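Q: I have a protein model open and I'd like to learn how to read it. Can you take me through it feature by feature?

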Amino acid sequence: MKRLLLVPTVLLAGCLASGIMEQNGQFDSSRFDPAQRLSPTAFEQNATMKDTSVHEDPTLLRAGVPRSQIATAFGAPNKTSDQGGVVQDVYEFNPDGSKFVKPKVYARNIAAGVFTGGIATVVHQARIHHTEQQLTVYRLTYGPDGTVQSVQKESRQQEQDAQQSNP
């Protein structure tokens, strides 16, 4: 009898946990908006981890460009930090140039993990990890005037290739 109560309890806890997660320090309302969550675009982005409407453009990702222009071209950054008044945005791009979209945790993911004994979760996390290892990452640091002061470009795939060729 206790085992029968365990499954609904785990599912309920997962649903609650997924509902209170935040993204970029802001509450993610798309989780509760069926128009956004169930749209074909959102479904495709969650499955492919790509936003094909946004493409990497190194000519914009350089010093001197206003933050507003970058936000217009690339949308919200994948991560933002503000340390001591210094704002840093991180944009991540797939090898094909599309913007990386980290998949959201939905109740269906948690349920799949529970009903497959955790195998679905392991496979899903391995797929995310593999994709993250191939990203090109831009770290943009802004000055007080809102323009890019410095750009750090990291290509994780090139770093891995260099490490493998120089053991």
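A: Sure, let's start with charged pairs. A salt bridge is a side-chain nitrogen of Lys or Arg within 4 Å of a carboxyl oxygen of Asp or Glu. Keep in mind that this is a predicted model.

Q: By this rule, how many salt bridges are there?
A: The count comes to five. The general idea is that side chains of opposite charge can pair when their charged atoms come close. Take Asp96 and Lys50: their closest N and O atoms are 3.1 Å apart, and they form a salt bridge.

Q: Which parts of the chain does that pair link?
A: Distant ones: Asp96 is in the loop between strand S5 (86-93) and strand S6 (98-100), while Lys50 is in strand S3 (residues 50-55), 46 residues apart. For each partner you can also ask how much of its surface is accessible. Asp96 is partly exposed, with a relative accessible area of 45%, and Lys50 is partly exposed too, at 29%.

Q: What about Arg67, which residue does it form a salt bridge with?
A: Its partner is Asp89, with the closest N and O atoms 2.9 Å apart. Arg67 belongs to helix H4 (residues 67-74) and Asp89 to strand S5, so the pair ties together parts that are 22 residues apart in sequence.

Q: Is Asp89 buried or exposed?
A: Buried, and the reasoning goes like this: buried means under 20% relative accessible area, and Asp89 has 1%. Arg67, on the other hand, is partly exposed at 32%.

Q: Which residue pairs with Lys102 in a salt bridge?
A: That would be Glu132, with 3.3 Å between the closest N and O atoms. This pair also links distant parts of the chain: Lys102 sits in the loop between S6 and helix H5 (107-115), Glu132 in helix H6 (residues 119-132), and they are 30 residues apart. Glu132 has a relative accessible area of 19%, so it counts as buried under the 20% cut-off.

Q: Let's zoom out. How many helices and strands does the protein chain have?
A: Seven helices and eight strands. The chain has 167 residues, and buried ones make up 29% of them. Its exposed area is about 10,600 Å², with 58% of that supplied by carbon and sulfur atoms.

Q: How do I read contacts between residues that are far along the chain from each other?
A: Look at how far apart the partners are in sequence. Among contacts here between residues at least 6 apart, 58% join residues at least 24 apart. For a distance across the fold, try Gly64, in the loop between S3 and H4. Its C-alpha atom is separated by 9.4 Å from that of Gly143, and the two are 79 residues apart along the chain. Leaving aside neighbours within four places in sequence, Gly64 is in contact with Thr147 and Val148.

Q: And where do I find the nonpolar inside?
A: Look for buried nonpolar residues joined through their side chains. The largest nonpolar core has 13 residues, and those with the most contacts inside it include Leu61, Phe74, Leu140 and Tyr142. H4, S5 and S7 are the elements that give two or more residues to this core. A second, separate core of six residues includes Val90, Ile128, Leu135 and Val137.

Q: Where is Thr131, and what does it touch?
A: Thr131 is in helix H6, and at 15% relative accessibility it counts as buried. A polar atom of its side chain lies 3.0 Å from the backbone oxygen of Arg127. Not counting residues up to four places away in sequence, Thr131 touches Met49, Asn94 and Phe100.

Q: Which strand is Thr136 found in?
A: Strand S7. Thr136 is buried, with a relative accessible area of 11%. Beyond its neighbours within four places in sequence, its contacts include Glu56, Tyr91, Phe93 and Lys153.

Q: Last thing: where is confidence lowest, and where is it highest?
A: Check the pLDDT. Strand S1 (residues 22-23) is lowest, at a mean of 44, and strand S7 (residues 136-142) is highest, at 96. Over residues 18-27 the pLDDT is below 50, and this stretch has 17 contacts in the model beyond near neighbours in sequence. The chain as a whole averages 78, and 70% of the residues score at least 70.

Conventions:
Residues numbered from 1 in each chain as written. Predicted model: local features only at pLDDT ≥ 70, side-chain atom pairs only at ≥ 80, totals over all residues. Heavy atoms only, no water. Helix = DSSP H or I, 4+ residues; strand = E, 2+ residues; numbered from the N terminus. Buried < 20%, exposed > 50% of the residue type's maximum accessible area, 1.4 Å probe, protein only. pLDDT = per-residue confidence, 0-100. Contact = heavy atoms within 4.5 Å. Areas by Shrake-Rupley, 256 points an atom, 1.4 Å probe, with all protein chains shown as cover. Polar contact = N/O pair within 3.5 Å; in protein donor to acceptor, adjacent residues only side chain to side chain. Core = buried A, V, L, I, M, F, W, Y, C linked by side-chain atoms within 4.5 Å.
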